Amino acid sequence: MLLLHLTWMVLPLYTQVMEKSPSRWWDLPSAALFMLSILISTWRLTITDWTDHLGYVTNLAAAAAILGLALGASRFGKRGVSWLALGYTLVFIPRQLIAFYDRDIYLGERLASTGGRLLVSIGEFAGDKPVQDPLFFITLIGILYWFIALASGYQLARHNNMLAAILPAGLTMLVIHQADQSPAERLWIIA
């Protein structure tokens with residue numbers, strides 16, 4: 001009886017709070033399908049074998065998709081979400097890039113080596129020379145997938161925008177499929 005009485009007292013307060021608070025959309029099956037679409041898109045990249053260690057891109061995209069869904073479902077405003085996304089970006093991307101090195105190596109040395117490799121690669125790219133280091137490609141495609149998954153997850157959880165959640169990863173997958181040397185035998189992934 002006491003529980004019923006407390007429920008009737010709290011329910012009007014709860015509905016008033018819910019009416020005033022910004023609504024957030026959350027649907028577990030949609031979030032799971034979104035995660036699957038991001039993973040399929042990155043797997044399409046991985047099976048191209050354009051370079052070694054493309055699995056790091058899948059890790060980045062999965063982390064960004066989860067982060068985007070979490071930020072979209074959160075109560076933070078646009079400014080707070082932007083700062084959190086920037087902070088996570090500055091931590092996750094370098095963290096994934098230093099995974100090339102053995103964990104026994106000091107963190108500062110791994111960061112310095114990764115930065116040096118990227119600077120040399122950027123110099124080669126700017127000098128119109130072929131870039132030999134696979135880290136450059138992994139960094140570029142990893143950043144692309146990071147922002148696609150982060151923004152798409154945010155759009156899905158915050159605004160229920162299915163088109164903005166699925167279209168970027170789908171278009172990226174189509175571009176990768178078109179650029180792949182053997183697209184006919186891997187057409188089943190597009191389906």
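These questions and answers walk through a predicted model of one protein chain.

Residues are numbered from 1 along each chain as its sequence is written, and side-chain values use heavy atoms, with hydrogens and water left out. Because the model is predicted, local features need pLDDT of at least 70 and side-chain atom pairs count only at pLDDT 80 or more, while totals for chains, interfaces and linings use all residues.

Reader: What average pLDDT does the chain have?

Author: pLDDT is the predictor's confidence in each residue, from 0 to 100. In this chain, 82% of the residues score at least 70. The average is 86.

Reader: Over which residues does pLDDT stay under 50?

Author: Look at the start of the chain for this one. Contact means heavy atoms within 4.5 Å. The model has 0 contacts beyond four places in sequence for the stretch in question. That stretch is residues 1-22.

Reader: How many helices and how many strands does the chain have?

Author: Helices (H or I, at least four residues) and strands (E, at least two) are DSSP runs, numbered from the N terminus. Read from the N terminus, the elements go α-α-α-α-α-α-α. The count is 7 helices and 0 strands.

Reader: What percentage of the residues count as buried?

Author: Buried means under 20% relative accessible area, exposed over 50%, and partly exposed in between (1.4 Å probe, protein chains only). The chain has 191 residues. The buried share is 36%.

Reader: Among contacts between residues at least 6 apart in sequence, what percentage join residues at least 24 apart?

Author: Such contacts bring together parts that stand well separated along the sequence: at least 24 places. Their share is 66%.

Reader: What span should helix α5 have at 1.5 Å a residue?

Author: Helix α5 covers residues 107-126, which makes 20 residues. The expected span is 1.5 Å times one less than the number of residues. The end C-alpha atoms of α5 are 28 Å apart, which agrees with the expected 28 Å.

Reader: Which residues of α5 are buried?

Author: Helix geometry helps here. An α-helix has 3.6 residues a turn, so residues three or four places apart point the same way. The cover over the buried residues of α5 includes α4 (78-97) and α6. The buried residues are Arg110, Thr114, Leu118 and Ser121.

Reader: What arc do these buried residues cover around the axis of α5?

Author: The arc is that of the directions from the helix axis to the C-beta atoms. On the other side of α5, Glu109, Ala112, Leu119, Val120 and Ala126 are exposed. The buried residues of α5 are Arg110, Thr114, Leu118 and Ser121. They lie on the same side of α5, because their arc is only 65 degrees.

Reader: Which residue forms a salt bridge with Arg44?

Author: A salt bridge is a side-chain nitrogen of Lys or Arg within 4 Å of a carboxyl oxygen of Asp or Glu. The structure holds 2 of them. In this one, Arg44 sits in helix α2 (residues 28-46) and its partner in the segment after α7, so the pair ties together parts 136 residues apart in sequence. The N to O distance is 3.0 Å, and the partner is Asp180.

Reader: Is Asp133, the salt-bridge partner of Arg117, buried or exposed?

Author: The side chains of Arg117 and Asp133 meet at 2.6 Å, N to O. Arg117 is in helix α5, and Asp133 is in the loop between α5 and α6, 16 residues apart. Arg117 counts as partly exposed at 24% relative accessibility. With a relative accessible area of 18%, Asp133 is buried.

Reader: What is the phi of Asp128?

Author: Most residues other than glycine have a negative phi, and most peptide bonds are trans. Asp128 lies in the loop between α5 and α6. Asp128 is exposed, with a relative accessible area of 75%. Its phi is positive, near 60 degrees.

Reader: Which residue with a positive phi follows α6?

Author: Helix α6 covers residues 134-159, and its end C-alpha atoms are 37 Å apart. The residue asked for is found in the loop between α6 and α7. Its relative accessible area is 35%, so it is partly exposed. With a phi near 55 degrees, it is Asn160.

Reader: Which residues does Thr172 contact, leaving aside its neighbours within four places in sequence?

Author: Thr172 is placed in helix α7 (residues 162-179). Thr172 is buried, with a relative accessible area of 12%. The contacts are Leu144, Tyr145 and Ile148.
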